[in-house]
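This report looks at aromatic rings and at the charged groups that lie over them.

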Amino acid sequence: MKKRYYLSFIVTIVLLLLTHKIWIVTSNKLVFNLYPFLIILICGYLLSLKLTSYLADFKNIQKQSRIEIIFLTVFFVMLFIPMSHINQNAVSKKENRKLAQYKSLIKNSGELNYNFGKDFDNWFNDRFYLKNLLYEINSLTTICNKNWQTTRVLKGDENWLFYKGENSIENYQNSNMFSENELVQITNYLTSINNYCKKRNKKFYFVIAPDKNKIYGEYYPQSIKKVNPDTDSRANQLKNHLQNNTDINVLYLYDTITEHKKENLLYYKTDTHWNHLGAYYGYSEIINTINKDFNNKLTTDKIESISYQEFSGDLNKMLPKILKTKKEQEPIIKTQNENNYCKQTATVRDIQSCSNKESQYNLLMYRDSFTVNLIPYLSKDFKNSKYIWKYDVDKDEINNNDIIILETVERLLPKLTEISALEDI
């Protein structure tokens, strides 16, 4: 009987060594996580003890063959393979997103993390061993479907790819409207920015970029039906609420993009963003709106020519090899006033600054990824322009600029409910 305890102890030690990256986090320094260690220690020992006892009984009592014993042993050992090597990367290049970070049961403040189970599940699902291999194998089961889907990508008609994250399907259906409380939260936040700007003679503009599935919904899988028309979308709900209750400059670019959609393709088929043409028409509408407050002192750069090059978007990169679609043709715009004013000062996901000494106004833009293709056009109109990848506005940054823009793609509008209003006015 004692041999079973010794064997279980040895198995537990081996298991702890195999899973050391779970309970010892290596970044700039070694960090020992007690709770994952205890969970693996206790569960591993009890399970291995139970397993050795079961296998002994299986042989002695059930009179089963060694092959069956080996099969069961291998089966239970395989259950531990996913945790044998945890992915420590911060970003998944394949999925083009940040991976979930480990959150301890005890917060730094000493409080209990009551979402520990959900947080641990998200962290483990993002990082378990052989995840990419299973991802590729799973794709084989979907390839025969006309409108297959993966965790993050949905295939529409004519090889159009659509993003599934951030409740994009519900947003396409217009089934996830804001509650009254959420509308008030967003309104309070945007109003606090607007009031802060007005007291300092700054102009504030709130810009909503349309989701791809709203502009090219005709390529969305026909099995997914709209609950409400786009006139009753969440973006229009917020826009109408702001226009009826505030004097904030609200610009939802849905009508502008839809109007020009007949002329050219404005969003990538294999990417979640608008292409350079879509961004150009969005830029033109933004400048036209700003010009109403600045006596037409800003000029819209005109398109001189359009050329094309091969392009494969972020949605295609998220797919396993077997599901990837062929590259598409990306429009490259040459404008009358080509500029080289933009100089990157930090990572693309952080801060980018540009300058044009011939202009007289300074622009500060809080934004997301949809601004990437806007930057080349907007930058030429401003003496200094700064683009910060976040929605949380900094009062100190406002003071050094004339025009403040907060841009968000419509599927991410709920993130504005998480931000508190600026305090001081």
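## Charges over rings

In this predicted model, Arg234 lies over the face of Phe178, at 5.2 Å from the ring centre. A second case involves a lysine: Lys261 lies over the face of Tyr216, 5.1 Å from the centre of the ring.

## A cluster of rings

Tyr216 also belongs to a cluster held together by ring pairs. The other members are Trp160, Phe162, Tyr172, Tyr219, Tyr220, Tyr267, Trp274 and Phe370.

## A pair within one helix

Rings count as a pair if their centres lie within 6.5 Å. By this rule there are 19 aromatic pairs. In one of them, the ring centres of Phe120 and Trp123 are 5.5 Å apart and the planes meet at 45 degrees, so the pair is tilted; tilted pairs are those that are neither under 30 degrees nor over 60.

Both residues are part of helix 5 (residues 116–127), where Phe120 and Trp123 are three residues apart, about one turn of the helix. Phe120 has 28% relative accessibility and so counts as partly exposed. Trp123, with a relative accessible area of 5%, is buried, because buried means under 20%.

## A pair between distant parts

The rings of Tyr280 and Tyr377 have centres 5.6 Å apart and planes at 80 degrees, so this pair is edge-to-face. Tyr280 lies in helix 12 (residues 276–291) and Tyr377 in helix 14 (residues 375–378). With the two positions 97 residues apart in numbering, the pair links distant parts of the chain. Tyr280 and Tyr377 are both buried.

How values were computed:
Residues numbered from 1 in each chain as written. Predicted model: local features only at pLDDT ≥ 70, side-chain atom pairs only at ≥ 80, totals over all residues. Heavy atoms only, no water. Phe/Tyr/Trp six-rings, centres within 6.5 Å; stacked < 30°, edge-to-face > 60°. Helix = DSSP H or I, 4+ residues; strand = E, 2+ residues; numbered from the N terminus. Buried < 20%, exposed > 50% of the residue type's maximum accessible area, 1.4 Å probe, protein only. Lys NZ or Arg CZ within 6 Å of the ring centre and 35° of its normal.
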